[in-house]
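Here is a friendly note for anyone opening this structure for the first time. Please keep the view beside you and go through the points one by one.

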Amino acid sequence: MSEESRAQALNTEVARYVSQGWTVESASIGQAVLSRNKRIGWFWNTVLVFVTGGLWLIYVIYRALNRIKETMVVTVDAYGRVFTR
């Protein structure tokens, strides 16, 4: 498979993940590194803030400031197969 075809397959797969909220950190001909911040469950945290009289807000602020970053590597091999890890 030509490098142009591999690049096109990679771009298609990366575009699919970008539409789901991922951002591209780096990209080359056969590989792209994507990342996103892990989401916070706002519904239950809001409920717990009200139930605990605001004490749970300390935890919510801590989680919002120290979000976990998810990273994914998307690669395309010489045969055009797309792999994510």
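1. A good place to begin is Val-14, which lies in helix 1. Please keep in mind that the model is a predicted one. Is Val-14 buried or exposed? Its relative accessibility is 11%, so Val-14 counts as buried, the limit being under 20%. Leaving out residues up to four places away in sequence, Val-14 touches Val-24, Ala-32 and Leu-34. You can also look from Val-14 to Glu-25: eleven residues separate the two in sequence, and their C-alpha atoms are 11 Å apart in space.

2. Next, the sheet. Four strands make up an open sheet, in the order 1-2-3-4, with antiparallel pairing. At the edges are strand 1 (23-27) and strand 4 (82-84), each of which pairs on one side only. On average, neighbouring strands of this sheet are turned by 25 degrees against each other, with direction ignored. Helix 1 (residues 3-18) packs on the sheet and touches strand 1, strand 2 (31-37), strand 3 and strand 4. The direction of helix 1 makes about 155 degrees with that of strand 3. As general background, strands of a sheet pair through backbone hydrogen bonds, in either a parallel or an antiparallel way.

3. Now for the individual strand pairs. How many bridges pair strand 1 with strand 2? There are four bridges, and the two strands pair in the antiparallel sense. Strand 1 and strand 2 also form a hairpin, with three residues between them. Within this pairing, Val-24 stands opposite Leu-34 in strand 2; both Val-24 and Leu-34 are among the residues that Val-14 touches. Further along, strand 3 (residues 69-76) is joined to strand 4 by three bridges, and these strands run antiparallel. Here Val-74 stands opposite Thr-84 in strand 4.

4. Ser-35 deserves a stop of its own. This residue is found in strand 2. Ser-35 counts as buried because its relative accessibility is 3%, and the limit is under 20%. Which side chain makes a polar contact with that of Ser-35? The partner is Glu-25, at 2.8 Å. Setting aside neighbours within four places in sequence, Ser-35 is in contact with Trp-22, Thr-23, Glu-25, Lys-69, Glu-70 and Thr-71.

5. Please turn to the aromatic rings. The structure holds three aromatic pairs. One of them is formed by Tyr-17 and Trp-22, with 6.4 Å from centre to centre and 85 degrees between the planes, an edge-to-face arrangement. Both partners are buried: Tyr-17 has a relative accessible area of 11%, and Trp-22 has a relative accessibility of 8%. Another pair is Phe-43 with Trp-44, whose ring centres are 5.0 Å apart. Why is this pair called edge-to-face? The planes of Phe-43 and Trp-44 stand at 80 degrees, and an angle over 60 counts as edge-to-face. Phe-43 and Trp-44 are exposed, whereas Tyr-17 is buried.

6. One last detail concerns Tyr-17 again. Over its ring sits the charged end of Arg-16, 4.7 Å from the ring centre. The ring of Tyr-17 is thus worth viewing with two neighbours in mind: Arg-16 over the ring and Trp-22 as its edge-to-face partner.

Key:
Residues are numbered from 1 along each chain as its sequence is written. This is a predicted model: local features need pLDDT of at least 70, side-chain atom pairs count only at pLDDT 80 or more; totals for chains, interfaces and linings use all residues. Side-chain values use heavy atoms; hydrogens and water are left out. Two strands pair if DSSP finds at least two bridges between them. Axes are lines fitted to C-alpha atoms, for helices over the stretch in contact, and angles run from 0 to 180 degrees between N-to-C directions. Contact means heavy atoms within 4.5 Å. Rings of Phe, Tyr and Trp (its six-membered ring) pair if their centres lie within 6.5 Å; planes under 30 degrees apart count as stacked, over 60 as edge-to-face and the rest as tilted. Buried means under 20% relative accessible area, exposed over 50%, partly exposed in between (1.4 Å probe, protein chains only). A charge sits over a ring if NZ of Lys or CZ of Arg is within 6 Å of the ring centre and within 35 degrees of the ring normal. A polar contact is a pair of N or O atoms within 3.5 Å; within protein, one must be able to donate a hydrogen and the other to accept it, and residues adjacent in sequence count only if both atoms are side-chain atoms.
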